[in-house]
Amino acid sequence: MKMHTFHPIKISPHDKLITLIGSNPHVLLLLEHLNLPLLVGNQKIESYCTKNNIDTNLFITLLTLYIGLPLPTDISLPASELPSIVKLLKNSHHYYLHEKYIEIKNKIHEMHLVNPEPELSWVEKFFEDYMAEVREHLDYEEHTAFPYFLSLTQGKMSNNFQFSAKDYLNHHSDIEIKLADLKQLLLAHLPVAEDYKARRQTLQCLMELEFDLKVHTLIEEKILVPLVIQLEEQLK
Ligand SMILES: [Fe+2]
Ligand SMILES: [Fe+2]
């Protein structure tokens, strides 16, 4: 049987959202992070956006990332979209800390139960340490970075905020590297027993987290930060 998969090179405002979801379920996660309706019916992207008060350009840019296409180089978004972007980021933080964290922790535990080698307890420890670092980063964003970004949209500029895009980038790459190390441990180093199912499910969960974090980081670095810099320039 021939599979018909829809792989657009570029998303158009006239594309139907349901087709995009059918070929890439990650889009559901985007709708969830934006608190948008899941029952999309037969609507085209453009009318869905108008109906739900979201900028079509922003939505198409985000869809592009969520279906795994490279970010367009010519993104131009109005600063008024900043609160929507921050809302999406905060919702995805919640998804990491309250959904993926629990899921992965449980899967690692199941793996350890069927494969009681001492090395398997390293994974539990490694993952806990990793999540502590992620939590610290998300906390910093929610309590320091985001409030500052939002204050800029209200025309305020605070001099006592030390924001460094460089520190931000470094922290992000640390988070990505550690997650890759964890996958490496599970695929190349840890002894196996009859733990096919639990190990596969652990890896799938980790890769779902990895994908969303990758998109999330791109949104922060390539969409949010440039918008913030643009606002700072205007307020100078
Ligand atoms: Fe974030
Ligand atoms: Fe971040």
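How many Å should the 40 residues of α8 span at 1.5 Å a residue, and how far apart are its end C-alpha atoms? Keep that in mind while we set up the view.

**Before you click**

This is a predicted model, in which local features need pLDDT of at least 70 and side-chain atom pairs count only at pLDDT 80 or more, while totals for chains, interfaces and linings use all residues. Residues are numbered from 1 along each chain as its sequence is written, and chains are lettered from A and ligands numbered from 1 in the order in which they are written.

**The whole chain**

Start with the cartoon: you should find 8 helices and 0 strands. Helices (H or I, at least four residues) and strands (E, at least two) are DSSP runs, numbered from the N terminus. Along the principal axes, the C-alpha atoms fill a box of roughly 60 × 55 × 25 Å. Of the 236 residues, 22% are buried; here a residue is buried if 20 or more other C-beta atoms lie within 10 Å of its own, exposed if 12 or fewer, and partly exposed in between, with C-beta atoms placed from the backbone.

**Helix α8**

Now select 196–235, which is α8. The answer to the opening question is 58 Å expected and 56 Å between the end C-alpha atoms, which agrees. The expected span is 1.5 Å times one less than the number of residues. Zoom in on Leu224, where α8 bends by about 35°, with a proline, Pro226, following within four residues. The bend is the angle between axes fitted to the seven residues ending at a residue and the seven starting there. Among the buried residues of α8 are Val215, Ile219, Ile223 and Leu224.

**Helix α5**

Next, select 82–114, which is α5. Its 33 residues reach 47 Å from first C-alpha to last, close to the 48 Å expected. A bend of about 35° sits at Lys100, and Lys100 is also one of the buried residues of α5. The buried residues of this helix pack against α2, α6 and α8. For a view of one such residue, pick Ile85: leaving out residues up to four places away in sequence, Ile85 touches Ile219, Ile223 and Leu224. Contact here means C-beta atoms, placed from the backbone, within 7 Å.

**Two domains and the core between them**

Colour domain 1 (1–76) and domain 2 (80–235) separately; these bounds come from an automatic or database domain assignment. Their centres, taken over C-alpha atoms, are 23 Å apart. At the boundary, 13 residues of domain 1 are in contact with 13 residues of domain 2. On the domain 1 side, α4 gives the most, with 4 residues.

Then show the largest nonpolar core, of 29 residues, in which Leu62, Leu63, Tyr66, Ile85, Phe149 and Ile219 touch the most other members. A nonpolar core is a set of buried Ala, Val, Leu, Ile, Met, Phe, Trp, Tyr and Cys residues joined through C-beta atoms within 7 Å. Both domains give residues to this core, so it lies between them. Apart from it is another core of 11 residues, including Met111, Ala198, Leu206 and Leu209.

**Last stop: Leu138**

Finally, select Leu138 in helix α6 (residues 119–153). Is Leu138 buried or partly exposed? Leu138 is partly exposed, because 19 other C-beta atoms lie within 10 Å. Leaving aside neighbours within four places in sequence, Leu138 is in contact with His93 and Leu97. Try a distance label to His94 too: 44 residues away in sequence, and 9.4 Å from C-alpha to C-alpha.

Terms used. Two residues are in contact if their C-beta atoms, placed from the backbone, lie within 7 Å.
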